[in-house]
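Let's take a walk through a protein model together. Have the sequence and the 3D view open, and follow along as we go from the whole chain down to single residues.

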Amino acid sequence: MKISLFDLTPAARGFDERLLAMSEPDRDELALEAQRCASALGLMRGPTPIPLVLSPCALPRVELNGLGRSAKLITSAIVKVARHLISRQPERARLLFHHLSPLEREALETRWEDAEELLHARIDWFADASGTVRALEVNATIPAMQVYSDAAAKGWAQAVAPGRVQAVQQNHSNAAWLLDALILAARERKTPLRIQLLHRDGDPQVTELLALRALFRERGVEARTVTPNEVILDGDPHRVLYRHLFARNVEPASPLGRAFLTPKLHGMWNRVDGWLETKGLYAELSAHAKAAYLTDGERAVLQEFVPWTRVIDDVSDRELGTGDTYVLKRSHDYGGKSVVIGREAGPAAFRQALARARTDDPASWVIQELIDAPSQGRFLCTSAGARRVDLHLDVSTYASLIEGVPDGGSVIRAAPGRIVNIAGGGGVAPLFADEVLQALL
């Protein structure tokens, strides 16, 4: 499957050309206003605005729908691979999931089936220069950015086309999709629902939860943000607990830890499922792409979209050569902190990184085929205005395994380096269905 990420649609190309033709002061003024609008709608990490890409992205609806369908199939497949390992190959599962925190290990041992009722996951894709997309990993514990993506699109529209901003209503809303999914997941709870949005003290992503709280309240649903010291754990069947708190930060013996291990009693989503986003499991997904226990649709999607990925213990140094076409990743890390890209590191540094990785516990690292995603010149909003920057883009698509939830939408992140991550200094690009961007312009 190919997407129009680099071969821009006429609407996206036309607006970027319009930006290039603008005077620098006018372009800077527009950038500052777009960032202000998007930040006011929730494009913030703590007190700091998340940079908005002023050059919009647009994909034809058929491409967006294709990403949504494929993301759901990849998500359902990785759940089945985890089930197969846990129930049929427990020694392999223990090896892959040895890094889990005490609470996650207890959940894996006693309640792993609960995690299969997955509220939402996020598939992160890269596209090569031709637009061919590949899925790099699955995020399943706290797959955030729904509010960020909505804020980027609506804030951009408010600044660029204030008279036609209503056209954004035809764009997919990732935040509304999440609300619908949570309400569907909680359909066996009693109404009226009382939703608790749980986060840690000082969570820099609390702006997302505050925006979700406001959206619930607009629908007439009681919702409040709570920290571990504020959450109510009384088993009231009206209560729903939305978890935006890593299980590794919770003691198993604490009241909150007990609640995490009895999710049905407390109406809790996301349930503890850290093993589902282990990169070692993703390596098994790659290796099991033709497994008989998968559906035809799942097998087809895995073979098309999942790049070759293996636990490093299953691959020799000789097979990896200079490392030029591979990426080394810690199995249980996040935020791109431990990623080594062979092409950027060079043969000597890659071999050194590989040697160090092999001294860690087995199954601690994976090796993955490099998806050579190019950079492209885009205008980025900065504190001084608009700046033309060569940016790498990735696409993330949401999926839910809750019965009745439709395919999810997507968000696009951007960063100067190949490791695209907001916490590492990346930003968010407004993403529109192509006909929506045409209507705005």
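What follows starts with the overall picture and then visits a few spots along the chain.

## The big picture

First things first: this is a predicted model. The protein contains 16 helices and 18 strands. Its C-alpha trace spans about 65 × 60 × 40 Å along the principal axes. Is that what you'd expect for a compact globule? The protein has 441 residues, and a compact globule with that many would have a radius of gyration near 22 Å; the protein has 22 Å, so the two agree.

Now think about what's covered up. Buried residues account for 59% of the 441 residues. The chain also brings far-off parts of the sequence together: take the contacts between residues at least 6 apart in sequence, and 76% of them join residues at least 24 apart.

## Surface and charge

The accessible surface adds up to about 17,600 Å², and carbon and sulfur atoms own 50% of that. As for charges, the protein carries 52 positive and 55 negative ones. If you work out the mean position of each set, the two points are 1 Å apart.

## Cysteines without partners

How many disulfides are there? The count comes to 0 disulfides. Take C37: its nearest cysteine sulfur belongs to C381 and is 10 Å away, and C37 is in no disulfide. Why is there no bond at C57? Because its sulfur is 13 Å from the closest cysteine sulfur, again in C381, and that is too far. A disulfide would need the two sulfur atoms within 2.5 Å.

Both of these cysteines are tucked away from the surface. C37 is buried, with a relative accessible area of 5%, and C57 is buried too, with 4%.

## Two cis peptide bonds

Look for a pair of cis peptide bonds next. One runs from T191 to P192, with omega near 0 degrees. P192 sits in the loop between α7 (174-185) and β6 (194-199). Another cis bond joins W269 and N270, with omega about -15 degrees. N270 is in the loop between β9 (268-269) and α11.

That brings us to helix α11, which covers residues 279-287. Is it buried or exposed? It is mostly covered, with 8 of its 9 residues buried. Among them are L281, Y282, A283 and L285, but also K279 and E284.

## Positive phi angles

Two residues that aren't glycine have a positive phi here. M145 has a phi near 95 degrees and lies in the loop between β5 (133-139) and α6 (146-160). M145 is buried, at 4% relative accessible area.

A363 has a phi of about 65 degrees. You'll find A363 in the loop between α15 (347-358) and β13 (365-369). With a relative accessible area of 1%, A363 counts as buried.

## T141 and its company

Back to the loop between β5 and α6, which also holds T141. T141 is buried as well, because its relative accessibility is 6% and the cut-off is under 20%. What does T141 touch, apart from neighbours within four places in sequence? Its contacts are R243, F246, N270, D273, G274 and E277. You met N270 a moment ago, in the cis bond with W269.

One of those contacts is a long way off in sequence. T141 and R243 are 102 residues apart along the chain, yet their C-alpha atoms are separated by 8.7 Å.

## L212 and T227

L212 belongs to helix α8 (residues 206-218) and is buried, with a relative accessible area of 5%. Setting aside neighbours within four places, L212 is in contact with V147, A175, L178, L179 and L197. R224 is 12 residues away from L212 along the chain, and the two C-alpha atoms are 9.3 Å apart.

Finish with T227, in the loop between β7 (222-226) and β8 (239-244). T227 counts as buried at 8% relative accessibility. Not counting residues up to four places away in sequence, T227 touches L198, H199 and D201.

Note on methods
Residues numbered from 1 in each chain as written. Predicted model: local features only at pLDDT ≥ 70, side-chain atom pairs only at ≥ 80, totals over all residues. Heavy atoms only, no water. Buried < 20%, exposed > 50% of the residue type's maximum accessible area, 1.4 Å probe, protein only. Helix = DSSP H or I, 4+ residues; strand = E, 2+ residues; numbered from the N terminus. Rg over C-alpha atoms; globule rule 2.2 N^0.38 Å. Contact = heavy atoms within 4.5 Å. Areas by Shrake-Rupley, 256 points an atom, 1.4 Å probe, with all protein chains shown as cover. Lys, Arg positive; Asp, Glu negative; His and termini not counted. Charge placed at Lys NZ, Arg CZ, Asp CG, Glu CD.
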